[in-house]
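Let's take a walk through this one together. Have a look at the model first, and then we'll start at the ligand.

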Amino acid sequence: MRIRTKLTLWYSGLLAIIIVIFGAVVFRVMEFTLVDSVDVSLNQTAELVIRNSRVERFGMFGAPNQASIKLPTLDLFRASGVGVQVWEVTSEGGPVLEDSSNNLGDYADPLDSAALGLTEPSVKNVFINGNEFRVLTRPVFSVGKVFGSVQVIAPLDTLNQARDRLLLVLASAALLGVVGSVMLGMWLSRKALQPIESITRAAATIAQTEDLSTRLPWHGPQDELGRLTQVFNQMMGRLEDLFSLQRRFVADVSHELRTPLTAIRGNLDLIKRYGVDDLSLEAIESEAERMSRMVDDLLLLARADYGGLTLDKEPLDLDTVVMEAFQQGKVLIKDRELNLRMNAIEPVRISGHADRMKQVLLNLLSNAIKFTPDGGTITVSLTSAHTQAVISVTDTGIGISEEDCKHIFDRFYQADTSRMRTGESTGLGLAIVKWIVEAHDGTLSVESQMEKGSTFTVEIPLLTQHLHHSDDDNFDHHTGKSRTRPRLIKVRAPHWLTPES
Ligand code: ADP
């Protein structure tokens, strides 16, 4: 059942119950009031009769006293519409009609025979000639005994008419109310739920046409539905971004993989035609390596994306890692005319993952080496400022334009550096660096000037609190720094970064 129908049924059902209860109460109160007013008038008349009547006593030849009740001579009752009968009820013989008001004409039967002679007043509805009347019977006492009864009668046709009319009015009002409420309820719920229907329609259109640029128009107030529409539109915006990112990503991956594949196939063709030669073999090897590097990087980013890659962090002497990477950098530039310098190195400890942090440094260093022409200088430094360890890698290379700086951390983004682009480039290195730095709660930034050089800065929070270094005498708990000089460790190139030969 639709919400609209359900709402209307609930609403109208409740209203119908309220109307019925209210109508029943009104009807009962009115009926009671009308009957009560009849009873009051009957009682007043009976009282009047009893007060104005005389019981006459006379004895006849030693027989017991006899008495009779006489109505007042004045016919008081014609106008009031109330009739009166006076009955003498003695133990001997049946009741005898003593007197009756003129408006009862020749009617000589007891108005309520069962109540004659009762010691208590009684009221009853009776039917005479098919008409309903209300009869009040009141006893008349003489010398402590019931001597007779006064019966007062009033017609109920006016009261019944009034009651029937009231019932009709109430029933029609109830019917009108319920029908009106059903119609109003349907209209209101349709109006209230209309935006939901348009949201549903829009969602269905999006599902059918796969057009994620569709947005819901909303001109109403910022109520629940306004907010729902807003959230829906935000969600659509986010989905649109994600889908376009995904499309771009797939396009980039296929494009980037095609380049080495084309090179490999070209070289294989050459080998087929002219036989094996060292140059072709080297080219195939280097392209295959590039592809496998790219696949490794992609896997890493994909695992990071879906959350399958977590970093097991532990207290890490960052200076040691920087030194190791620095030494590795020296191996990387051995065939180049470049100057690699360590500007400053402070002993600092962070909570981190040694291999990943080294990957950060090697990616930055290899970029600096790639994009700095021979004769240039690359400077590495590790310092600490407040609560942060600060690593910077500066080169005097080709620099990055302001526009490119905004995008170089995106996947597959490569500035127009065809001048220096080598077979090693995949456009994924900085995206990986960014992910690792952020996974260490750090930040990565770049400053660059075209043709002058670039500085990449990584800031990672120092390890100061919580961890127990009590068994480590060389750790300064206040500064988070190690008191020892960094150890120099033998350099081994990681599998994903092969030094240029
Ligand atoms: P890759 O180096 O494989 O192309 P990265 O993600 O590491 O991919 O770098 C993205 C782009 O950023 C590079 O293609 C280059 O245009 C630019 N870039 C990175 N580091 C430097 C640098 N030190 N000097 C100049 N340009 C750089």
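Which polar backbone atom is 3.3 Å from an oxygen atom of the ligand? That one belongs to Gly429. Keep in mind that this is a predicted model, so the distances here are computed from it. Two other residues also bring their backbone to a ligand oxygen: a backbone N or O atom of Leu430 lies 2.8 Å from one, and for Ala415 the distance is 3.0 Å. On its own, the ligand has 530 Å² of accessible area, and the protein covers 98% of that.

So who does the covering? There are 20 residues around the ligand, and those that come nearest are Asn367, Lys370, Asp395, Thr426 and Leu430. Sort the shell by type and you get nine nonpolar residues, nine polar ones and two charged ones. Three elements each give two or more residues to it: α6, α8 (429-439) and β14 (453-461). The top contributor is α6, with three residues.

Let's stay with α6 for a moment. This helix runs over residues 354-370, and since each residue should add 1.5 Å, its 17 residues should span 24 Å; the end C-alpha atoms are indeed 24 Å apart, so the two agree. Most of α6 is tucked away, too, with 15 of its 17 residues buried.

Now jump back along the chain to α3, which takes up residues 224-274. With 51 residues, α3 reaches 74 Å from its first C-alpha to its last, close to the expected 75 Å. Just after α3 comes Gly275, with a positive phi of about 85°.

Definitions and conventions. Residues are numbered from 1 along each chain as its sequence is written. This is a predicted model: local features need pLDDT of at least 70, side-chain atom pairs count only at pLDDT 80 or more; totals for chains, interfaces and linings use all residues. Side-chain values use heavy atoms; hydrogens and water are left out. Helices (H or I, at least four residues) and strands (E, at least two) are DSSP runs, numbered from the N terminus. The expected span of a helix is 1.5 Å times one less than its number of residues. Buried means under 20% relative accessible area, exposed over 50%, partly exposed in between (1.4 Å probe, protein chains only). A residue is near a molecule or strand if one of its heavy atoms lies within 4 Å of it. A polar contact is a pair of N or O atoms within 3.5 Å; within protein, one must be able to donate a hydrogen and the other to accept it, and residues adjacent in sequence count only if both atoms are side-chain atoms. Accessible areas come from the Shrake-Rupley method with a 1.4 Å probe; for residues, only the protein chains shown count as cover. Ala, Val, Leu, Ile, Met, Phe, Trp, Tyr, Cys and Pro count as nonpolar, Asp, Glu, Lys and Arg as charged, and the others, Gly among them, as polar.
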